[in-house]
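Please find below a colleague's note on the structure under review. It is set out as numbered points, each on one topic.

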Amino acid sequence: MGRAFEFRKARKMKRWGMMAKTFTRIGKDIVMAVKSGGADPTTNSRLRAIMQNAKAVNMPKDNVERAIKRASSKDEADYKEMVYEGYAPHGVAILVECTTDNPTRTVANVRSYFNKTGGSLGTSGMLDFIFERKSIFKITADPKIDIEELELELIDFGADEIFLDEEAGLINVYGEFTAFGALQKHLEEKGYELKGADFERIPNDTKQLTEEQVADVEKLIEKLEEDDDVQNVYHNMG
C-alpha cells in the first residue's frame, strides 16, 4: 500500500465530522457544478458525483434539491475556488482550499490565522512540489471484487492506487487528477456502487513532530477549518 493509503489512514477528518459544515461544503460544490455544467445530473458528471457525496453523508434530499434550484437562479452569488499556501510553525506545509464569494475577505482571514498562530502565508504554487492532487473514488466493497484484478482493470483509465478500507466497507480508488472523468465513467458503466467521488491533495513527504509541536500546528488547522469559506485543509504533518 502506498502514500494515499497512509495519508488516508492518518488524516484527521474533523471537518467532515461536523455535519453543518459538511452540508455547507457540499452545497457550495453543488452551486459551482450547476453553474459550470447545468442542473441535470445525467449530463453533468461532476454534479452527479457531488450528489453521491451528499447521499454518503446523509444530507437530506431537500437540501440537495434546494441547492440545485438556488444555483440555477441568476441571483445566486458566483463562488470562486481559491487555494492558499503557507507554512505552519515547525515547517509544516499547509494548503487551504476555499470557495468564496468574497476573495478579499477570505485571504484576509486566512492570513490572520497564519499570523496569529506563528505561521506564514506564502505565494501560489510554492507547495506544488509537496502536494499532488489526486482523484478519489469510493465504491462499496464486495467479496466478489478482487482488488488486484480491479487495479489491473482500472490502471488503463488512470488509477494508480487501490486499497480496501475494511472498517468503512469501501474500496478506495486513487488516480491522476486528470483521470477523474474517465474513471467515473468506467466505474458507472461497469455497475460499481459509487459511494463518493472527490479530489484530494496527497503529500509527497511528511514531517514528524513532537506532541507539543503537533499541538501548535493543530491550532492553525482548527482556526482554518472553522472558517465558512474553507473547504479543505491539507498538511504534511506525519
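The points that follow concern a predicted model and deal with its sheets, its salt bridges and some individual residues.

1. Nature of the model. The coordinates are those of a predicted model, and every remark in this note should be read in that light.

2. The four-stranded sheet. Four strands make up an open sheet in the order β3-β1-β2-β8, and their pairing is antiparallel. The edge positions are taken by β3 (120–121) and β8 (230–235); each has a single partner strand, so one side of each is left without a neighbour in the sheet.

3. The contact between β2 and β8. Strand β2, which covers residues 93–100, pairs with β8 in the antiparallel sense over five bridges. Within this part of the sheet, V96 stands opposite V233 of β8.

4. Strand β1 and Tyr84. Strand β1 spans residues 80–87 and contains Y84. The relative accessible area of Y84 is 9%, so the residue is classed as buried, the cut-off being under 20%. The C-alpha atoms of Y84 and V110 are separated by 7.9 Å, although the two residues are 26 apart along the chain.

5. The β5–β6 hairpin. Six bridges join strand β5 (residues 159–165) to strand β6 (residues 170–176) in the antiparallel sense. The two strands form a hairpin with four residues between them. In the turn, G169 has a positive phi of about 70 degrees. Two of the residue pairs may be checked directly: L164 has I171 of β6 as its bridge partner, and E161 has Y174 of β6 as its bridge partner.

6. The pairing of β4 with β6. Strand β6 also pairs with strand β4 (residues 131–140), to which it runs antiparallel, with seven bridges joining the two. T140 has L170 in β6 as its bridge partner. How much of β6 is buried? Six of its seven residues are, so β6 is largely enclosed by the rest of the structure.

7. Salt bridge between strands β5 and β4. The side chains of D160 and K134 meet in a salt bridge with an N to O distance of 2.4 Å. D160 belongs to strand β5 and K134 to strand β4, so the pair ties together parts that are 26 residues apart in sequence. The two partners may be described separately: D160, at 35% relative accessibility, counts as partly exposed, whereas K134, at 6%, counts as buried.

8. Salt bridge between Asp198 and Arg25. The structure holds 14 salt bridges. One of them brings together the side chains of D198 and R25, at 3.3 Å from N to O. This pair links distant parts of the chain, with D198 in strand β7 (residues 194–203) and R25 in helix α3 (residues 19–37), 173 residues apart. Both D198 and R25 are buried.

9. Salt bridge between Lys28 and Asp229. Helix α3 takes part in a further salt bridge, in which the side chains of K28 and D229 meet at 3.7 Å, N to O. K28 lies in helix α3 and D229 in the loop between α9 (211–225) and β8, so parts that are 201 residues apart in sequence are tied together by this pair. K28 has a relative accessible area of 8% and is buried; D229, at 6% relative accessibility, also counts as buried.

10. A shared network. Which residues are joined into one network by salt bridges that share partners? They are R25, D29, R46 and D198. The buried pair of D198 and R25 therefore belongs to this network and should be examined together with D29 and R46.

11. The negative patch. On the surface, D146, E148, E149 and E151 form a negative patch. One of these residues, E149, is found in helix α7, which covers residues 147–154. With a relative accessible area of 55%, E149 is exposed, the cut-off for that class being over 50%.

Terms used:
Residues numbered from 1 in each chain as written. Predicted model: local features only at pLDDT ≥ 70, side-chain atom pairs only at ≥ 80, totals over all residues. Heavy atoms only, no water. Patch = residues over 30% accessible without salt bridge, like charges linked within 9 Å, V, L, I, M, F, W, Y side chains within 5 Å. Areas by Shrake-Rupley, 256 points an atom, 1.4 Å probe, with all protein chains shown as cover. Salt bridge = Lys/Arg side-chain N within 4 Å of Asp/Glu carboxyl O. Lys, Arg positive; Asp, Glu negative; His and termini not counted. Charge placed at Lys NZ, Arg CZ, Asp CG, Glu CD. Buried < 20%, exposed > 50% of the residue type's maximum accessible area, 1.4 Å probe, protein only. Pairing = 2+ DSSP bridges.
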